[in-house]
Amino acid sequence: MTDSQPVDAVHLSQLREVMEGEYVDLLQTYIDNAPKELARIHNGVWSQDYDIIAAAAHTLKGSSSNIGAVRLSLKFIELEYLARQKQPIESIRSEIERIQHEYQLVCDVLNREIDQGKKAV
């Protein structure tokens with residue numbers, strides 16, 4: 001994977017091979033569930049509940065890694081760390097802004113993959 005790829009193409013190819021007919025479902029599950037966890041993060045920031053922020057970041061760290069979104073996963077690791085260390089909310093907000101941008105790039109790739117997968121069926 002190059003640093004310019006939001007999602008590791010080799011990882012996606014391996015997932016496509018292993019998951020076969022469930023590949024599109026896996027990607028769609030990520031697309032459907034990630035916004036719920038992102039909302040939990042935003043709610044945690046609003047209420048200054050560091051445990052909620054850390055738990056949602058932890059969940060997204062793993063699911064992002066599972067689909068090959070390594071850069072995004074690393075950003076969630078950082079967010080989880082900031083929350084566990086109870087860093088100032090402004091630091092956490094700054095990290096969330098970086099996450100939002102990367103998350104959109106990941107979703108763009110996944111949506112293209114989903115569209116291609118549906119056409120192949």
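Which helix holds both Glu95 and Arg98, and how many residues apart are they? They both sit in helix 5, three residues apart, or about one turn of the helix. Keep in mind while you look around that this is a predicted model. The two side chains form a salt bridge, with the closest N and O atoms 2.7 Å apart. The partners have different surroundings, though: Glu95 is buried, at a relative accessible area of 6%, while Arg98 is partly exposed, at 42%. Since buried here means under 20%, Glu95 falls on the buried side of the cut-off.

Stay on helix 5 for another pair. Arg93 and Glu90 also meet in a salt bridge, at 2.5 Å from N to O. Being three residues apart in helix 5, they are separated by about one helical turn. The general geometry is familiar: an α-helix has 3.6 residues a turn, so residues three or four places apart point the same way. In this pair, Glu90 is exposed at 51% relative accessible area, and Arg93 counts as partly exposed at 36%.

Now for a salt bridge that reaches across the sequence. Glu113 and Arg16 bring their side chains together at 2.8 Å, N to O. Glu113 belongs to helix 5 and Arg16 to helix 1, so this pair ties together parts that are 97 residues apart in sequence. Glu113 counts as buried, at 13% relative accessibility, whereas Arg16 is partly exposed, at 37%. In total the structure holds seven salt bridges.

Next, the inside. The largest nonpolar core has 35 residues, and those with the most contacts inside it are Ile41, Phe76, Leu79 and Ile92. Helices 1, 2, 3, 4 and 5 each supply at least two residues of this core. Helix 5 gives the most, with 10 residues. To see how one of these core residues is packed, pick out Ile41: leaving aside residues up to four places away in sequence, Ile41 touches Ile53, Ala56, Ala57, Leu60, Phe76, Leu79 and Ile96.

Phe76 turns up again if you move to Ser64, which lies in helix 3. Ser64 counts as buried, at 0% relative accessibility. Apart from its neighbours within four places in sequence, Ser64 is in contact with Tyr30, Ala69, Leu72, Ser73 and Phe76. So is this serine buried or exposed? It counts as buried because its relative accessibility is 0%, and the cut-off for that label is under 20%.

Ala56, one of the residues that Ile41 touches, also gives you a handy ruler. Lys36 and Ala56 are 20 residues apart in sequence, and their C-alpha atoms are 9.0 Å apart in space. Lys36 is in helix 2 and counts as exposed, at 53% relative accessibility.

Over to the surface. Which residues make the nonpolar patch of about 250 Å²? Val70, Leu74 and Ile77 do. Val70 is found in helix 4, and at 38% relative accessibility it counts as partly exposed.

Finally, follow helix 1 from one end to the other. At its start, a side-chain oxygen of Asp8 comes within 2.9 Å of the backbone nitrogen of Val10. After the helix comes Glu20, with a positive phi near 50°. Most residues other than glycine have a negative phi, which makes a quick backbone check worthwhile here. Glu20 is not a glycine, yet its phi is about 50°. Glu20 is in the loop between helix 1 (9-19) and helix 2 (23-47), and it is exposed, with a relative accessible area of 63%.

There is another residue like this further along the chain. Lys86 has a phi near 55°, again a positive value in a residue other than glycine. Lys86 lies in the loop between helix 4 (70-84) and helix 5 (89-120). That leads back to helix 5, where Glu95 and Arg98 sit about one turn apart.

Note on methods:
Residues are numbered from 1 along each chain as its sequence is written. This is a predicted model: local features need pLDDT of at least 70, side-chain atom pairs count only at pLDDT 80 or more; totals for chains, interfaces and linings use all residues. Side-chain values use heavy atoms; hydrogens and water are left out. Helices (H or I, at least four residues) and strands (E, at least two) are DSSP runs, numbered from the N terminus. Buried means under 20% relative accessible area, exposed over 50%, partly exposed in between (1.4 Å probe, protein chains only). A nonpolar core is a set of buried Ala, Val, Leu, Ile, Met, Phe, Trp, Tyr and Cys residues joined through side-chain atoms within 4.5 Å. Contact means heavy atoms within 4.5 Å. Patches are made of residues with over 30% relative accessible area and no salt bridge: like charges are joined within 9 Å, nonpolar side chains (Val, Leu, Ile, Met, Phe, Trp, Tyr) within 5 Å. Accessible areas come from the Shrake-Rupley method with a 1.4 Å probe; for residues, only the protein chains shown count as cover. A salt bridge is a side-chain nitrogen of Lys or Arg within 4 Å of a carboxyl oxygen of Asp or Glu. A polar contact is a pair of N or O atoms within 3.5 Å; within protein, one must be able to donate a hydrogen and the other to accept it, and residues adjacent in sequence count only if both atoms are side-chain atoms.
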